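User: I have a model open and want to go through some side-chain pairs and helix packing. Can you take me through it?

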Amino acid sequence: MKIGNRDFKEHGKTYVMGILNITPDSFSDGGKWNDMDRALFHVEEMLREGMDILDIGGESTRPGYTLLSEEEEIARVTPMIRAVKERFDVPVSLDTYKGGVAKAGIEAGADLINDIWGLQYDNKIARVIAESGLPCCLMHNRKEPDYQDFIQDVGADLAKTLQLAEEAGIDEKRIILDPGVGFGKTYTHNLQIINALEELHIFGCPLLLGASRKSVVGLTLDLPVTERLEGTLATTVIAVMKGCSFVRVHDVKENVRAIRMTEAVLYS
């Protein structure tokens, strides 16, 4: 799969998507990277540490988050996308579920759209992605964790997302799927979906796992968000072993090292 000017293998390699939240209320690092200079310094730091893709988000999606207007979100993300593309040679993902924000982000230089609602929040975003020809990451999500058969229901929801993508004209070879750890799931559901990642290969799309510092780690280890690195690394190792192509993380250096070690054991 080509993202930006880079080709990514879909099998036998796990890549690191580094997180840049330019939000005042992100669950993990809210307000830390709102200043342009500090944000760009952090991008440079993550690149040195081995980041493969940068994911820029302008709206927190933590539980109870404040919904932004498209105009507010565009004002946050587009200057950052332009600044990153001007200074660094790195594919840029835009984390948004709104069609207008996606369109503005693509015009600013985004190389991938990362939609946490799997095309099921804003019916305009699928067409925006299709017309751009860009790849996208489509995540599983539900408003409430109400399931009859959890794993089967997640599969059915993702199948609906893929149907929406097909109807809009999005190339199936340009789709990454994300099981949505921390979204529309209980603590037990989150553990179950991480353990069942290999079952999602049935769709034939590369998989992305985003479990970095999330509540499933905090609840398991009874640790605050600032002390969840080791738990995150465990999920990253599992992702590699279960064939995920991408992990979305805050701590790039440590996750890159964990991936390299796991890959060395698996593919020696």
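Analyst: Let's start with a salt bridge: K85 pairs with D111, and their closest N and O atoms are 2.7 Å apart. Keep in mind that the model is predicted.

User: Where do K85 and D111 lie?

Analyst: K85 is in helix 2, while D111 sits in the loop between helix 3 and strand 6 (112-115), so the salt bridge ties together parts that are 26 residues apart in sequence.

User: And is K85 buried or exposed? What about D111?

Analyst: K85 is partly exposed, at a relative accessible area of 31%. D111 counts as buried, with 10% relative accessibility.

User: How many salt bridges are there in the whole structure?

Analyst: The search finds 14.

User: Give me another one.

Analyst: D157 forms a salt bridge with R142, with the closest N and O atoms 2.7 Å apart. D157 belongs to helix 5 (residues 150-168) and R142 to the loop between strand 7 (136-139) and helix 5, so this pair ties together parts 15 residues apart in sequence. D157 is buried, with a relative accessible area of 15%, whereas R142 is partly exposed at 22%.

User: Which residue does K242 meet in a salt bridge?

Analyst: E198, at 2.8 Å from N to O. This pair links distant parts of the chain, 44 residues apart: E198 is in the loop between helix 6 (187-195) and strand 9 (208-209), and K242 is in the loop between helix 8 (229-241) and strand 10 (246-249).

User: Why does K242 count as buried?

Analyst: Because its relative accessibility is 19%, and buried means under 20%. E198, at 37%, counts as partly exposed.

User: What else is K242 in contact with, leaving aside neighbours within four places in sequence?

Analyst: Besides E198, K242 is in contact with I194, N195, L197 and H201.

User: Back to helix 2. How do helix 2 and helix 3 cross?

Analyst: The axes of helix 2 (residues 70-87) and helix 3 (residues 99-108) come within 9 Å and cross at roughly 20 degrees. The two helices are therefore roughly parallel to each other, since angles under 35 degrees count that way. The crossing is right-handed.

User: Which residues make the contact?

Analyst: On helix 2 the contact is made by E70, E73, I74, V77, T78, I81 and R82. Helix 3 contributes G99, G100, V101, A104, G105 and A108.

User: And by class, what is in that contact?

Analyst: It has 6 nonpolar, 4 polar and 3 charged residues.

User: Different topic: helix 4. Which residues there are buried?

Analyst: In helix 4 (residues 125-132), the buried ones are I125, A126, V128, I129 and A130.

User: What do they pack against?

Analyst: The buried residues of helix 4 pack against helix 3 and helix 5, and also against strand 6 and strand 7.

User: What comes just after helix 4?

Analyst: G133, which takes a positive phi of about 75 degrees.

User: Let me recap the pairs I should click on.

Analyst: K85 with D111, D157 with R142, and E198 with K242. For the helix packing, display helix 2 with helix 3, then helix 4 with the elements its buried residues pack against.

Terms used:
Residues are numbered from 1 along each chain as its sequence is written. This is a predicted model: local features need pLDDT of at least 70, side-chain atom pairs count only at pLDDT 80 or more; totals for chains, interfaces and linings use all residues. Side-chain values use heavy atoms; hydrogens and water are left out. Axes are lines fitted to C-alpha atoms, for helices over the stretch in contact, and angles run from 0 to 180 degrees between N-to-C directions. Helices (H or I, at least four residues) and strands (E, at least two) are DSSP runs, numbered from the N terminus. Angles under 35 degrees count as roughly parallel, over 145 as roughly antiparallel, 65 to 115 as roughly perpendicular and the rest as oblique. A crossing is left-handed if the near helix is turned anticlockwise from the far one by less than a right angle, and right-handed if clockwise. Contact means heavy atoms within 4.5 Å. Ala, Val, Leu, Ile, Met, Phe, Trp, Tyr, Cys and Pro count as nonpolar, Asp, Glu, Lys and Arg as charged, and the others, Gly among them, as polar. A salt bridge is a side-chain nitrogen of Lys or Arg within 4 Å of a carboxyl oxygen of Asp or Glu. Buried means under 20% relative accessible area, exposed over 50%, partly exposed in between (1.4 Å probe, protein chains only).
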